[in-house]
Amino acid sequence: MDQPTHLRGIGHTAKVAAKTVNLALQGGGSHGAFTWGVLDRLLEEKGLAFEGITGTSAGTVNAVVLADGLAAGGREGAREALNAYWRKVSLLSSRILPPTPLNKAMDFPLGFVFLTYFASPYQMNPLNYSPFKELLRETINFERIRQQKAVKLFLCATNVQTAKIKIFHGEEIGLEHLMASTCLPLLMQAVEVDGEYYWDGSYAGNPAIFPLVVTPAERPGIPTTSPAIMNRMQEISFNTALIREMRTIDHFNRLIDEGKLAGGKRLLVHFIEAEDLVRDIPWWSRLNADWDFVMRLYELGRARAEEWLKDNFERIGVESTVDLKERYY
């Protein structure tokens, strides 16, 4: 595609030597392991090249780890980096929130869910200590990220005070920019960058085109408990930006088809999605990084990518494989 495509869809640009894709990676907490699985399979596809990556929330971390791995050791380096990152996340989670039989059965520690809804991170963690931040500091070489030329890298965050989206570019990306893009306000204090404060990028707008879906746009039934209502409110908020952007792309393409946009080039969009899978997983599992759960999502991601490549690889650079008008209007 000629523009970056989150994890909702894959956009692409046709090239002579290889089929080139721009990836936009969505969030979803530990559900980002599904994205890891998809990326792992795409990295194996030698006829596929990566031009740019945009990300928000968990998708941001996947994007940065992928770029760091590519710069350090090519495709295999990227696969190894993603594997190492998710293993460390799971290990950290097991130390902070030990996986008791009850918690494993429920896919998440119920007591922690309770606390997040009745106490803010400013009350629960006044010193703003973040083991996750230290993990990222140890795992990612940010100097290499700023210097790497393997892919164009863009991170999305939401300005808390203005509600505007902020895009951090590859040559400026550091630890604080990554933390800003992943800041869930019920769990973390707002992150300061250059005098401005940021929350998770999903609130203001997921990346321009989504390659992989982990946050369901549709969820049957009406939520009736307070946590379930708050969760659905967040899902709707996160997907509003996606719907708006997809409608914009559809409108752009129709203007080109009608000859009203001279020199324009159609944006071709594809989805590798997990919406049907995520819909069947308990909502609180986004904060469950138990290794068995992470690996289950990873395997699902690999399987979906394998299926998608088998059915659609030849269509990359030729045509979209999703009807945006039918899906988003």
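In this predicted model, residue E134 is partly exposed, because its relative accessible area is 29%, which falls between the limits of 20% for buried and 50% for exposed. Its partner R137 also counts as partly exposed, at 44% relative accessibility. E134 and R137 form a salt bridge whose closest N and O atoms are 3.2 Å apart. Both residues belong to helix α6, which covers residues 131-139. They are 3 residues apart, about one turn of the helix.

**Salt bridges**

The count of salt bridges comes to 15. Three of them are listed below.

| Salt bridge | Closest N and O atoms |
|---|---|
| E134 and R137 | 3.2 Å |
| E45 and R41 | 3.0 Å |
| R79 and E44 | 3.0 Å |

The bridge between R79 and E44 has its closest N and O atoms 3.0 Å apart. Since R79 lies in helix α2 and E44 in helix α1, this pair ties together parts that are 35 residues apart in sequence. E44 is partly exposed, with a relative accessible area of 29%. E44 can also be compared with R75: the two are 31 residues apart in sequence, and their C-alpha atoms are 7.5 Å apart in space.

In the bridge between E45 and R41, the partner R41 counts as buried, at 10% relative accessibility. Which residues do salt bridges that share partners join into one network? The members are D40, R41, E44, E45, E76, R79, R302 and E306.

**Aromatic pairs**

A search of the whole structure finds 5 aromatic pairs. One of them joins W36 and W86, and this pair is stacked, with 6.3 Å from centre to centre and 5° between the planes. The pair links distant parts of the chain, as W36 lies in helix α1 (residues 32-44) and W86 in helix α2, 50 residues apart. Both residues are buried: W36 has a relative accessible area of 1%, and W86 has one of 3%.

W36 also pairs with W291, and here the ring centres are 6.2 Å apart. The planes of these two rings stand at 40°, so the pair is tilted; the angle lies between the limits of 30 degrees for stacked and 60 degrees for edge-to-face. W291 belongs to helix α11 (residues 291-312) and W36 to helix α1, so this pair ties together parts that are 255 residues apart in sequence. W291 is partly exposed, with a relative accessible area of 23%. Ring pairs link W36, Y85, W86, W291 and Y298 into a cluster.

**Backbone and surface charge**

Two residues have a positive phi of about 55° although they are not glycines: S57 and D194. Is S57 buried or exposed? S57 is buried, because its relative accessible area is 7%, under the limit of 20%. S57 is found in the loop between β3 (48-55) and α2 (58-96). D194, by contrast, counts as exposed at 74% relative accessibility, because this value is over 50%. D194 is placed in the loop between β6 (191-193) and β7.

D194 also belongs to a patch of negative charge on the surface, where it gathers with E172, E192 and E196. Within this patch, E196 is situated in strand β7, which covers residues 196-200. E196 counts as partly exposed, at 31% relative accessibility.

Definitions and conventions. Residues are numbered from 1 along each chain as its sequence is written. This is a predicted model: local features need pLDDT of at least 70, side-chain atom pairs count only at pLDDT 80 or more; totals for chains, interfaces and linings use all residues. Side-chain values use heavy atoms; hydrogens and water are left out. Patches are made of residues with over 30% relative accessible area and no salt bridge: like charges are joined within 9 Å, nonpolar side chains (Val, Leu, Ile, Met, Phe, Trp, Tyr) within 5 Å. Accessible areas come from the Shrake-Rupley method with a 1.4 Å probe; for residues, only the protein chains shown count as cover. A salt bridge is a side-chain nitrogen of Lys or Arg within 4 Å of a carboxyl oxygen of Asp or Glu. Lys and Arg count as positive and Asp and Glu as negative; His and the chain ends are not counted. The place of a charge is taken as NZ of Lys, CZ of Arg, CG of Asp or CD of Glu. Helices (H or I, at least four residues) and strands (E, at least two) are DSSP runs, numbered from the N terminus. Buried means under 20% relative accessible area, exposed over 50%, partly exposed in between (1.4 Å probe, protein chains only). Rings of Phe, Tyr and Trp (its six-membered ring) pair if their centres lie within 6.5 Å; planes under 30 degrees apart count as stacked, over 60 as edge-to-face and the rest as tilted.
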